[in-house]
Amino acid sequence: MRRLRNVKIVATLGPASESYEMIRALHEAGADVFRLNMSHGSHDEIREKHRIIRQVEKDLDSPIAILADLQGPKLRVGVFANGEEELAEGASFRLDLDEADGDASRVCLPHPEIFEALEPGAHLLVNDGKIRLVVEHCGRDFADCRVETGGTISNRKGVNVPDVVLPLAALSEKDRADLEFVCQLGVDWLALSFVQRAKDVFEARALADGRAAILSKIEKPAAVEAFDEILDASDGIMVARGDLGVELPVSAVPPIQKRLVRKCRAAAKPVIVATQMLESMIESPMPTRAEVSDVATAIYEGTDAIMLSAESAAGSYPVEAVKTMDRVAVEVEADPTYTQIINASRTARGSTVADAIVAAAREIAEKTDIKAICCFTQSGTTALLTARERPGVPIIAMTSLVGTARRLCLSWGCHCVMTPELERFKGAVVNAARAARSGGFACETDQIVVTAGVPFNVPGTTNILRVAPCDERLIYNTDPG
């Protein structure tokens, strides 16, 4: 299913979007990737959503990526005898391991790992940062705090600890069970929550064992600090601005977003910008101007994908939210300023034959009347390198592996087409011309660029670039072999 834009749209599924009719409507409206939030729903419910997505994929003959988002460790306070208490600014408040019901002076924090890492001066943020505590004294089983920002604290509210690296694995026991379940189902991407360092990614990769690509969510200051190592260990990145905006000053999030997006592009790894992009559309059929500007800014920065969370999972207007993102993307990408920004942010990267070929393909396509770049890829690497170039013509990613086609649905500009395994380059050129014509990218009198590797069906062998006609008769008359 051809899109008239390059940036991809990720839509989260939930109570508002779990039927076949709605999931199909979301895909037809523009959703390229469906996110399954493992924080909500039983395995049976997740299995049914997965089944429906694959049915839609089959019915529309259109590859669809499925992203399973693991919950990660959840840090929460215990319960209060009265259900809630009011904390006044400047008051003292203790967190400890005592399981007795809390009151206005203390509450249980059933996470000894937090106490092991705390130091005087560290902050604890409760209920998405609405309550701020600063540690004055602490030990292995307690933290005496002063209330910096007061408010109502109630049962089992979440706790963020932004100032320290916690000795917690990114994968809880629930996450390990969920990971194995969704890998057996056949999801394409695994999103890891609570990533603090590269070794968190290595652990998930070992458990996935090649069955899904690994996407790290950047939602903690420690992850921002260790980003280069995390990026190197990951297949993709999500800039999870919600938790980042809790643990860091909100003013710090936009420059971090811009910096991370550029680093991902330089590494040829897809990046999603997520959280509250069209938040008002949970209840309104129209977004705010600020939200539209936020979506547009991410697209101008060159992100691979933009994501809907509650807007499509639990909102009243899921299809309208996807259509809004689609319209904004089409409008932005038609703006000459967008092309100028994308071209200006392109940096020379890599010194391999594949790097040189994809750079040449982009330059040839932009300086001549080429309609598309068709790249044959087994692992997806050639398509990712081509996407890093951000060419001004469509990228047709051709592969015989359905898993590769699905994973590339998350990558900028990649239109994924299944092709049979090929043995000769002439057959590849013919298949590329047919794909370009049937997809509406070119007509018989046009030309395309084809990149491939010989020997065929071997990852990492991209070594051929061919400017080819879309007229098959000319291909058979002029191409050797």
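This note walks through the sheets, helix packings and annotated domains of the structure shown above.

1. **Before you start.** Please keep in mind that this is a predicted model. The domain names used below come from UniProt, where both are attached to an unreviewed entry.

2. **The barrel annotation.** UniProt gives residues 5-322 the label "domain: Pyruvate kinase barrel". In the model, that span is 35% helix and 25% strand. Its end C-alpha atoms lie 13 Å apart.

3. **The closed barrel.** A good place to begin looking is the barrel of 8 strands, which is closed and has parallel pairing. Going round, the order is β1-β2-β3-β12-β13-β14-β15-β16. On average, neighbouring strands of this sheet are turned by 25 degrees against each other, direction ignored.

4. **One pair in the barrel.** To see the pairing in detail, try strand β14 (residues 236-240) and strand β15 (residues 271-274). These two run parallel and are joined by 4 bridges. Within this pair, Met238 stands opposite Ile272 of β15.

5. **Helices on the barrel sheet.** Helix α9 (residues 253-266) packs on the sheet, where it touches β13 (213-218), β14 and β15. The direction of α9 makes about 160 degrees with that of β15. Helix α12 (residues 318-333) also packs on the sheet, touching β1 (8-13) and β16 (305-308). For α12, the angle with the direction of β16 is about 160 degrees.

6. **Helices α4 and α5.** Two packed helices are described by the angle between their axes and the distance between the axes. For helix α4 (residues 173-185) and helix α5 (residues 198-208), the axes come within 10 Å and cross at roughly 45 degrees. That angle is why α4 counts as oblique to α5. The crossing is right-handed.

7. **What α4 and α5 bring together.** From α4, the residues in contact are Arg176, Leu179, Glu180 and Cys183. They meet Glu203, Ala204, Leu207 and Ala208 of α5. Sorted by class, this contact has 5 nonpolar and 3 charged residues, with no polar ones.

8. **The open sheet.** Besides the barrel, look for an open sheet of 6 strands, with mixed pairing and the order β6-β5-β9-β8-β7-β11. Its edges are β6 (106-108) and β11 (159-160); each has a single partner strand, so one side of each is left without a neighbour in the sheet.

9. **At the β11 edge.** Strands of a sheet pair through backbone hydrogen bonds, either parallel or antiparallel. Here, strand β7 (residues 123-126) and β11 run antiparallel, joined by 2 bridges. Val126 stands opposite Val159 in β11.

10. **The C-terminal annotation.** UniProt places "domain: Pyruvate kinase C-terminal" at residues 355-467. This span is 36% helix and 27% strand in the model. Its end C-alpha atoms lie 18 Å apart.

11. **Helices α14 and α15.** The axes of helix α14 (residues 353-367) and helix α15 (residues 381-388) come within 9 Å, crossing at roughly 50 degrees. With that angle, α14 is oblique to α15. α14 passes α15 in a right-handed crossing. Ala354, Asp355 and Val358 of α14 make the contact with Thr382, Leu385, Thr386 and Arg388 of α15. By class, 3 of the residues in this contact are nonpolar, 2 are polar and 2 are charged.

Definitions and conventions:
Residues are numbered from 1 along each chain as its sequence is written. This is a predicted model: local features need pLDDT of at least 70, side-chain atom pairs count only at pLDDT 80 or more; totals for chains, interfaces and linings use all residues. Side-chain values use heavy atoms; hydrogens and water are left out. Axes are lines fitted to C-alpha atoms, for helices over the stretch in contact, and angles run from 0 to 180 degrees between N-to-C directions. Angles under 35 degrees count as roughly parallel, over 145 as roughly antiparallel, 65 to 115 as roughly perpendicular and the rest as oblique. A crossing is left-handed if the near helix is turned anticlockwise from the far one by less than a right angle, and right-handed if clockwise. Contact means heavy atoms within 4.5 Å. Ala, Val, Leu, Ile, Met, Phe, Trp, Tyr, Cys and Pro count as nonpolar, Asp, Glu, Lys and Arg as charged, and the others, Gly among them, as polar. Two strands pair if DSSP finds at least two bridges between them. UniProt positions are given in the numbering used here, feature names are shortened, and annotations may be inferred rather than shown by experiment.
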